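Here are my notes on the model you sent, set out as numbered points. They deal with one helix and then with the ligand site.

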Amino acid sequence: MHRTYSKKTLWRALLLGALAVALLLLIGLDFWSGQREASFEKSSLAMGTVVTAQLYGPDGEEAAGAIFDALQALEQERLSWRLSSSDIARINAAAGGSVPVAPQTIGYLQQAAAVSQKSGGAFDCTLGALTQLWDIGGENARVPSQAEIDAALQTVGYQSVSLQGGQAAVAKGQALDLGAIGKGIACDEIAAMLEQSRLSGAVISVGGSILLWGQRPGGGDWKIGVRDPRGEASEQLGSFSLPGGYVSTSGNYERTLTVNGQTYHHILDPKTGYPADSGLISVTVMAPTGLLSDALSTACFVLGYQDSLPLLKEFHAEAIFVTQERAVFVTEGLRQSFTLTNGDYHLASAG
Ligand code: AMP
Ligand code: MG
């Protein structure tokens, strides 16, 4: 999961992220409504990314504290492949044998396997050896040799993960990387906490994953901005509205490496071992859970527009695809509420 960034990069990301979220929330909030509710906002680094919690109703500050504590625990005890204490790191360290892990971790891996299977392996959490080799966004980022890529690809295959009797195992040489679903899982865990709180509504963004929960102050749907994949973090391509739910975006601008004028991004195609090249520059997915929205945004980015459609149907998800040619495809369930606001892009209809 989490990569090592320099402190400076992270703080710059935090600032930019906070600005972007502030803009997003400005759209979402009805500032002219007479019924302003108590609100509390906290932005900080967690899970290797910028997390912002905007909470409405009583006890916001306490809830924010509990949310950030829970994210730290999720990272340290369950998801991080770097921190040796986590379930995922322990599974990787024991590759070839099995280790007992928390029931939650088994659940995450089962759902990940379902998306791997239905996506024909476009999404695959066993590509840890490959992501560590490229290390895009990390301190050791480089373009590996074809021989190294071939060797890493040999270890990839979700079918080798075994989950039985509270134990988990991967094959020898194999490594899990839950970077494509960690932020969505965080949204699911936060939603469960919010259900137990006295809050009336919340917008939580964990990197590229967003949770819209409860009532929006002033009533009506929440409005979500879609980032311009070619612009700054605060620039938008358009927006759509939802009564609530989970939204994740995967984009080729998130983490990159440029060598000899060629730019490589962080979403890898498990078939080739190279950054996915499906003609997309970003995909935003709305799905019934955070894990699904996150897994599907990564899967769709690898599959491309046409091949993603059956996968989205399978999981009752909707999406907004942006292509290199700046065409924007919106699936039926979001078409009504989506508005394109950026003249550099054009709406395209489903083929
Ligand atoms: P996301 O930004 O949610 O699309 O996740 C990208 C992250 O997931 C990368 O930084 C890798 O750690 C990991 N990853 C990259 N490609 C894939 C893939 N095809 N399937 C699963 N995980 C991936
Ligand atoms: Mg993802």
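1. Of the 14 residues of α8, 13 are buried in this predicted model, so the helix is largely enclosed by the rest of the structure. Buried here means under 20% relative accessible area, with protein chains only taken into account.

2. The length of α8, which runs over residues 290-303, agrees with expectation, because 14 residues at 1.5 Å a residue should span 20 Å and the end C-alpha atoms are 20 Å apart.

3. Both ends of α8 can be described in some detail. At the N-terminal end, Thr289 acts as a cap, with a side-chain oxygen placed 3.0 Å from the backbone nitrogen of Leu292, while the residue that follows the helix is Gly304, which has a positive phi near 85°.

4. α8 also takes part in the ligand site, since it supplies three residues to the shell around ligand 1, the largest share. There are 19 residues around ligand 1, and those that come nearest are Ala122, Asp177, Ser250, Leu268 and Thr298. By class, the shell divides into eight nonpolar, five polar and six charged residues.

5. Three polar contacts deserve a look when you inspect the pose. An oxygen atom of ligand 1 lies 2.7 Å from a polar side-chain atom of Asp177, and an oxygen atom of the ligand is 3.4 Å from a side-chain N or O atom of Glu254. With Leu268 the partner is a polar backbone atom, which is 2.8 Å from a nitrogen atom of ligand 1. Of the 500 Å² of accessible area that ligand 1 has on its own, the protein covers 96%.

Key:
Residues are numbered from 1 along each chain as its sequence is written. Chains are lettered from A and ligands numbered from 1 in the order in which they are written. This is a predicted model: local features need pLDDT of at least 70, side-chain atom pairs count only at pLDDT 80 or more; totals for chains, interfaces and linings use all residues. Side-chain values use heavy atoms; hydrogens and water are left out. Helices (H or I, at least four residues) and strands (E, at least two) are DSSP runs, numbered from the N terminus. The expected span of a helix is 1.5 Å times one less than its number of residues. Buried means under 20% relative accessible area, exposed over 50%, partly exposed in between (1.4 Å probe, protein chains only). A polar contact is a pair of N or O atoms within 3.5 Å; within protein, one must be able to donate a hydrogen and the other to accept it, and residues adjacent in sequence count only if both atoms are side-chain atoms. A residue is near a molecule or strand if one of its heavy atoms lies within 4 Å of it. Accessible areas come from the Shrake-Rupley method with a 1.4 Å probe; for residues, only the protein chains shown count as cover. Ala, Val, Leu, Ile, Met, Phe, Trp, Tyr, Cys and Pro count as nonpolar, Asp, Glu, Lys and Arg as charged, and the others, Gly among them, as polar.
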